[in-house]
Every structure is written in structure tokens, then in C-alpha cells.
Amino acid sequence: MRLIKLKEVMAKTSLGHSSIYKYISEGTFPKQVSLGAKSVAWVESEVDDWIMEKIEKR
């Protein structure tokens with residue numbers, strides 16, 4: 001299991017940070033994991049699964 005930071009999530013999905021957080025609030029994107037007071041990351045496999053869902057729906 002690997003955790004990835006926002007920059008890598010943005011690179012993988014081609015989304016901006018505001019779009020990512022909007023999708024999280026809508027419940028349609030994987031939630032981030034808190035690593036500390038001001039640090040978050042995402043589980044890479046969850047982001048990859050989200051991308052695959054988008055590909056399969058096209």
C-alpha cells in the first residue's frame with residue numbers, strides 16, 4: 001500500500017485541487033488520510049480504482 005500526496009493525485013487524475021475536494025465533498029472521490037496536523041495523502045490504489053471506474057463508464 002502506498003500513500004500519495006495531492007500533487008501526485010492531481011497528476012494521475014488531471015484534476016485541479018478544487019475539483020478533487022469538490023468530488024470528495026460529493027462522495028464521488030476517495031477521501032484523504034490525515035497524516036498529521038496539516039498533512040494529508042490518498043491511498044494510491046483507491047485513486048487508481050476511481051480512474052478505472054471512469055474508464056469503464058466511457
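Two strands are taken to pair if DSSP finds at least two bridges between them, and the strands themselves (E, at least two residues), like the helices (H or I, at least four), are DSSP runs numbered from the N terminus. The structure is a predicted model, in which local features need pLDDT of at least 70 and side-chain atom pairs count only at pLDDT 80 or more, while totals for chains, interfaces and linings use all residues. Residues are numbered from 1 along each chain as its sequence is written, and side-chain values use heavy atoms, with hydrogens and water left out.

**Exercise 1. The sheet**

Work out the order of the strands in the open sheet, and explain why strand 1 and strand 2 each have one side without a neighbour.

Solution. Begin with strand 1, which is joined to strand 3 (residues 39-43) by 2 bridges, the two running antiparallel; within this pairing, Leu3 has Val43 of strand 3 as its bridge partner. Next, take strand 2, which pairs with strand 3 over 3 bridges, also in the antiparallel sense, with Gly36 facing Ser39 of strand 3 as its bridge partner. Strand 2 and strand 3 form a hairpin, with 2 residues between them. Putting the pairings together gives an open sheet of 3 strands in the order 1-3-2, with antiparallel pairing. Strand 1 (3-4) and strand 2 (33-36) therefore stand at the edges, since each has a single partner strand, and one side of each is left without a neighbour in the sheet. As background, strands of a sheet pair through backbone hydrogen bonds, either parallel or antiparallel.

**Exercise 2. A backbone angle in a loop**

Find where Ser14 lies, and state what sign its phi has.

Solution. Ser14 belongs to the loop between helix 1 (6-13) and helix 2 (17-26). Its phi is near 60 degrees, which is a positive value in a residue other than glycine. For context, most residues other than glycine have a negative phi. As for its surroundings, Ser14 is exposed, with a relative accessible area of 66%, where exposed means over 50%, buried under 20%, and partly exposed in between (1.4 Å probe, protein chains only).

**Exercise 3. Salt bridges that involve Lys12**

Identify the residues with which Lys12 forms salt bridges in helix 3, and say how far apart in sequence the members of each pair are.

Solution. A salt bridge here is a side-chain nitrogen of Lys or Arg within 4 Å of a carboxyl oxygen of Asp or Glu, and the structure holds 5 of them. In one, the side chains of Glu44 and Lys12 meet at 3.5 Å, N to O; this pair links distant parts of the chain, with Glu44 in helix 3 and Lys12 in helix 1, 32 residues apart. In another, Lys12 meets Asp48, the closest N and O atoms being 2.7 Å apart. Because Lys12 lies in helix 1 and Asp48 in helix 3, this pair ties together parts that are 36 residues apart in sequence. Accessibility can then be added to the picture: Glu44 is buried, with a relative accessible area of 18%, whereas Lys12 counts as partly exposed at 30%, as does Asp48 at 29%. Finally, Arg2, Glu8, Lys12, Glu44 and Asp48 are linked in a network of salt bridges.

**Exercise 4. A salt bridge within one helix**

Determine how many residues separate Lys22 and Glu26, and whether Lys22 is buried or partly exposed.

Solution. The closest N and O atoms of the salt bridge between Lys22 and Glu26 are 3.5 Å apart. Both residues lie in helix 2, 4 residues apart, which is about one turn of the helix. Lys22 is partly exposed, with a relative accessible area of 44%, and Glu26 is likewise partly exposed, at 46%.

**Exercise 5. Charge and distance around helix 3**

Name the residues that gather in a patch of negative charge on the surface, and give the C-alpha separation of Ser45 and Ile4.

Solution. The patch consists of Glu46, Asp49, Glu53 and Glu56; patches are made of residues with over 30% relative accessible area and no salt bridge, like charges being joined within 9 Å and nonpolar side chains within 5 Å. Glu46 is found in helix 3 (residues 44-57) and is partly exposed, with a relative accessible area of 37%. Ser45 also lies in helix 3 and counts as partly exposed at 41%. The C-alpha atoms of Ser45 and Ile4 are separated by 9.7 Å, although these residues are 41 apart along the chain.

How values were computed
Areas by Shrake-Rupley, 256 points an atom, 1.4 Å probe, with all protein chains shown as cover. Lys, Arg positive; Asp, Glu negative; His and termini not counted. Charge placed at Lys NZ, Arg CZ, Asp CG, Glu CD.
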